[in-house]
Amino acid sequence: MTALIGHAVDFQDYLPSMKQTLGPEGFLVELCNGFRLLMDADKGLITFESLKRNILVLGLQDIRDDELVSMLIEGDLDGDGAINQMEFCILMLRLSPGLMDESKQ
């Protein structure tokens, strides 16, 4: 993710094993749970403010505001400045090298 340039991030892609363990439906349920964890409950979207509130959950306590904005831009496909549930699921799939390799096969 471009927002994390300059940060040492040890990325372990657990999504393929989650999908294999949970099956397709269970995997989608877990993605939706992740979305709900990060979303603004009043707006039903992941916003800058909801990300800012949840940076500890993400393990990104040192992240700068401009990096949070970059994260939103990365996932905001419709240009409304926030990430809806579908955009979140698409983003998670795009950011998973294992799932992307699996889909190419």
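**Exercise 1. Decide whether Arg 53 is buried or exposed, and find its salt-bridge partner.**

Step 1. Start with accessibility: Arg 53 has a relative accessible area of 53%. Buried means under 20% relative accessible area, exposed over 50%, and partly exposed in between (1.4 Å probe, protein chains only). Arg 53 is therefore exposed.

Step 2. A word on the ground rules: this is a predicted model, in which local features need pLDDT of at least 70 and side-chain atom pairs count only at pLDDT 80 or more, while totals for chains, interfaces and linings use all residues. Residues are numbered from 1 along each chain as its sequence is written, and side-chain values use heavy atoms, with hydrogens and water left out.

Step 3. Now apply the salt-bridge criterion: a side-chain nitrogen of Lys or Arg within 4 Å of a carboxyl oxygen of Asp or Glu. The side chain of Arg 53 meets that of Asp 40 at 3.7 Å, N to O.

Step 4. Place the two partners. Arg 53 sits in helix 2 and Asp 40 in the loop between helix 1 (15-38) and helix 2, so that the pair, 13 residues apart, links distant parts of the chain. Helices (H or I, at least four residues) and strands (E, at least two) are DSSP runs, numbered from the N terminus.

Step 5. Asp 40, with a relative accessible area of 11%, is buried.

**Exercise 2. Work out which residues are linked with Arg 64 in a network of salt bridges.**

Step 1. Arg 64 and Asp 66 form a salt bridge at 2.9 Å, N to O.

Step 2. Arg 64 also bridges to Glu 67, here at 3.8 Å, N to O.

Step 3. Put together, Arg 64, Asp 66 and Glu 67 make up the network.

Step 4. Add the accessibility of each member. Arg 64 is partly exposed at 48%, and Asp 66 is partly exposed at 42%. Glu 67, at 3%, counts as buried.

Step 5. For context, the search of the whole structure finds 5 salt bridges.

**Exercise 3. Find the aromatic pair and classify its geometry.**

Step 1. Rings of Phe, Tyr and Trp (its six-membered ring) pair if their centres lie within 6.5 Å; planes under 30 degrees apart count as stacked, over 60 as edge-to-face and the rest as tilted.

Step 2. The whole structure yields 1 aromatic pair. Phe 35 and Phe 88 form it, at 5.9 Å centre to centre with 55° between the planes, and the pair is tilted.

Step 3. Phe 35 belongs to helix 1 and Phe 88 to helix 5 (residues 85-94); 53 residues apart, they link distant parts of the chain.

Step 4. Phe 35 is buried at 2% relative accessible area, and Phe 88 is buried at 7%.

**Exercise 4. Explain why Cys 32 and Cys 89 do not form a disulfide.**

Step 1. A disulfide is a covalent bond between the sulfur atoms of two cysteines. The cut-off used here is a pair of cysteine sulfur atoms within 2.5 Å.

Step 2. The closest cysteine sulfur to that of Cys 32 is in Cys 89, 4.7 Å away, which is too far for a bond. The search finds 0 disulfides.

Step 3. Cys 32 is buried at 15%, and Cys 89 is buried at 10%.

**Exercise 5. Judge the confidence of the model.**

Step 1. pLDDT is the predictor's confidence in each residue, from 0 to 100. The chain averages 80, and 73% of the residues score at least 70.

Step 2. Among the elements of the chain, helix 2 (residues 48-53) has the highest mean pLDDT, 94, and helix 6 (residues 97-104) the lowest, 54.
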